[in-house]
Amino acid sequence: MRCNNIKGLIECSFVDWPGMVCGVMFLGGCNFRCPYCHNHPLVLETDSLPALPLGKVLERLAPLKKWLNGVCISGGEPTFDPELGTILTRLKEKGWKVKLDTNGSRPFVLKKLLAKRLIDMIAMDIKAPLDEKKYIRCTGRRVDLENIRQSIRIIRESEIPHEFRMTVLPRYHNKNDVAELTAYLAEPLKLQNFNPRTTLDPRMAIEEGFSPEIFSDLQLLASGAAHNDSNDKMLIAS
Ligand code: SF4
């Protein structure tokens, strides 16, 4: 199958796979419209972005194999791409370890890829506690939360390394949201502080992330360490 949806490639990243040095492929298209998305050209303008042929991308990555630990597939939302299985299969044939970034909205795709052992690590972005109104606000879409719950279950049960992440910003999130989602997951949640540098909704450019002090308190809460702890007092009011 011909793959027409690889819209970007980073040959060497130190930040996209915790503890690993990796290449990153960006696939176009996404079913969410998170107002704070910083990869929005991949979401809104994907048809007008030139595609990189998979063969060429594999050729460019091949000589880097001795320095890279693997390849991260990001987006956009990669599970939205019908060619994702082909891309992962070709990477596996070339002996690459693969990390997948996902918003968790398509659990049936995750299940299929995991059953074929095409993924070595998954990072799932959870946008808010699993509450319809909060999810609509953070994704700009009505989201079937049962799909999100199923993806969380599938990833956990897969027993491959994984992380659950949430981008937080004062307009949308508070300490109770972080505490609620961390308690639901019953494992640490990785937080990313909002950066207004470039956003899908231009009105978000005037928003700010949390101050370093508050963000660090939220991180403590997300680690599970501050649950029911006196540190709660330091956190912002809900
Ligand atoms: S941040 Fe939201 S809109 Fe942007 S790629 Fe991720 S899920 Fe899609």
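Helices and strands here are DSSP runs, numbered from the N terminus, and with that convention in hand I can take you through a few places in this model, which is a predicted one.

Let me start with Ala-186, which is found in the loop between H7 and S7. This alanine has a positive phi of about 55°, although it is not a glycine, and with a relative accessible area of 67% it is exposed, because the cut-off for that class is over 50%.

There is another residue of this kind at Glu-159, which sits in the loop between H6 and S6. Its phi is near 65°, again a positive value in a residue other than glycine, and at 72% relative accessibility Glu-159 counts as exposed.

The elements on either side of these loops bring me to helix H8, which covers residues 212-222 and whose buried residues are Phe-215, Asp-217, Leu-218, Leu-221 and Ala-222. Looking down the axis of H8, you find those buried residues within an arc of 160°, and they therefore line one face of the helix. As a general point, an α-helix has 3.6 residues a turn, so residues three or four places apart point the same way. What lies over the buried residues of H8 includes strand S6 (162-168), helix H7 (175-185) and strand S7 (190-193), while the face turned away from the buried side carries the exposed residues Pro-212 and Glu-213. Just after H8, Gly-224 takes a positive phi, of about 90°.

Now to a pair of helices, H4 (residues 107-115) and H6 (residues 145-158), whose axes come within 9 Å and cross at roughly 15°. Since angles under 35 degrees count as roughly parallel, H4 is roughly parallel to H6, and H4 passes H6 in a left-handed crossing. On the H4 side the contact is made by Pro-107, Leu-110, Lys-111 and Leu-114, and on the H6 side by Asn-147, Gln-150, Ser-151, Ile-154, Ile-155 and Ser-158. Sorted by class, that contact has five nonpolar residues, four polar ones and one charged one.

Finally, a question about the backbone that you may want to look at on the screen: is the peptide bond from Gly-75 to Gly-76 cis or trans? That bond is cis, with omega near 15°, and Gly-76 lies in the loop between strand S3 (70-74) and helix H3 (84-93).

Terms used: Residues numbered from 1 in each chain as written. Predicted model: local features only at pLDDT ≥ 70, side-chain atom pairs only at ≥ 80, totals over all residues. Heavy atoms only, no water. Buried < 20%, exposed > 50% of the residue type's maximum accessible area, 1.4 Å probe, protein only. Helix = DSSP H or I, 4+ residues; strand = E, 2+ residues; numbered from the N terminus. Arc of directions from axis to C-beta. Contact = heavy atoms within 4.5 Å. Axes fitted to C-alpha atoms, helices over the stretch in contact; angles between N-to-C directions. Parallel < 35°, antiparallel > 145°, perpendicular 65-115°, else oblique. Left-handed = near helix turned anticlockwise from the far one by under 90°. Nonpolar A, V, L, I, M, F, W, Y, C, P; charged D, E, K, R; others polar.
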